[in-house]
Amino acid sequence: MEVILQSTITCPNCGHKKEETMPIDACQYFYECENCKTVLKPKQGDCCVYCSYGSVKCPPIQQNKKCC
């Protein structure tokens with residue numbers, strides 16, 4: 001299974017979207033929106049900001065592995 005590393009994060013505060021490259025071996029717990037400067041954190045039950053606000057889940061979740 002091929003892992004997708006590009007994910008578009010959508011800020012829930014202002015709606016700004018930006019495509020980012022996800023880290024392969026680490027979870028990203030914080031992400032600052034470049035538009036409104038809101039610092040995003042994972043929603044309860046999610047392991048990282050990509051799983052909460054991204055268009056694609058993080059690499060470990062894509063591979064059915066336990067995330068950080």
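**Salt bridges, core and backbone of a predicted model**

In this predicted model, a network of salt bridges links Lys-18, Glu-20 and Glu-34.

User: Why is the pair Lys-18 and Glu-20 called a salt bridge?

Analyst: The closest N and O atoms of Lys-18 and Glu-20 are 3.8 Å apart, and the criterion asks for a side-chain nitrogen of Lys or Arg within 4 Å of a carboxyl oxygen of Asp or Glu. The pair therefore counts as a salt bridge.

User: What makes Lys-18 and Glu-34 a salt bridge, and which parts of the chain does the pair tie together?

Analyst: The N to O value for the side chains of Lys-18 and Glu-34 is 3.1 Å, which is within the 4 Å cut-off, so this pair qualifies as well. Because Lys-18 lies in strand E2 (residues 17–21) while Glu-34 lies in the loop between strand E3 (31–32) and strand E4 (39–40), the pair ties together parts that are 16 residues apart in sequence. A search of the whole structure finds 2 salt bridges.

User: How do you know whether Glu-20 is buried or exposed, and what of Lys-18 and Glu-34?

Analyst: Glu-20 has a relative accessible area of 18%, and since buried means under 20%, Glu-20 is classed as buried. Lys-18, with 30%, and Glu-34, with 43%, fall between that limit and the 50% above which a residue is exposed, so each of them is partly exposed.

User: What makes Lys-37 worth noting in its backbone, and where is Lys-37 found?

Analyst: Lys-37 has a positive phi of about 70° although it is not a glycine, and Lys-37 sits in the loop between E3 and E4. Most residues other than glycine have a negative phi. The relative accessible area of Lys-37 is 51%, and because exposed means over 50%, Lys-37 is called exposed.

User: Why is Asn-64 called exposed, and what is its phi?

Analyst: Asn-64 has a relative accessible area of 74%, which is over 50%, so Asn-64 is exposed. Asn-64, which is not a glycine, has a positive phi of about 55°, and its place is in the segment after helix H2 (59–62).

User: Which members of the largest nonpolar core touch the most other members, and which helix gives the most to this core?

Analyst: The largest nonpolar core has 16 residues, and those touching the most other members are Ile-9, Leu-40, Cys-47, Cys-48, Val-49, Tyr-50 and Cys-58. Helix H1 (residues 49–53) gives the most to this core, with 4 residues. Leaving aside neighbours within four places in sequence, Leu-40 is in contact with residues including Ile-9, Phe-30, Val-49 and Tyr-53.

Note on methods
Residues numbered from 1 in each chain as written. Predicted model: local features only at pLDDT ≥ 70, side-chain atom pairs only at ≥ 80, totals over all residues. Heavy atoms only, no water. Buried < 20%, exposed > 50% of the residue type's maximum accessible area, 1.4 Å probe, protein only. Helix = DSSP H or I, 4+ residues; strand = E, 2+ residues; numbered from the N terminus. Core = buried A, V, L, I, M, F, W, Y, C linked by side-chain atoms within 4.5 Å. Contact = heavy atoms within 4.5 Å.
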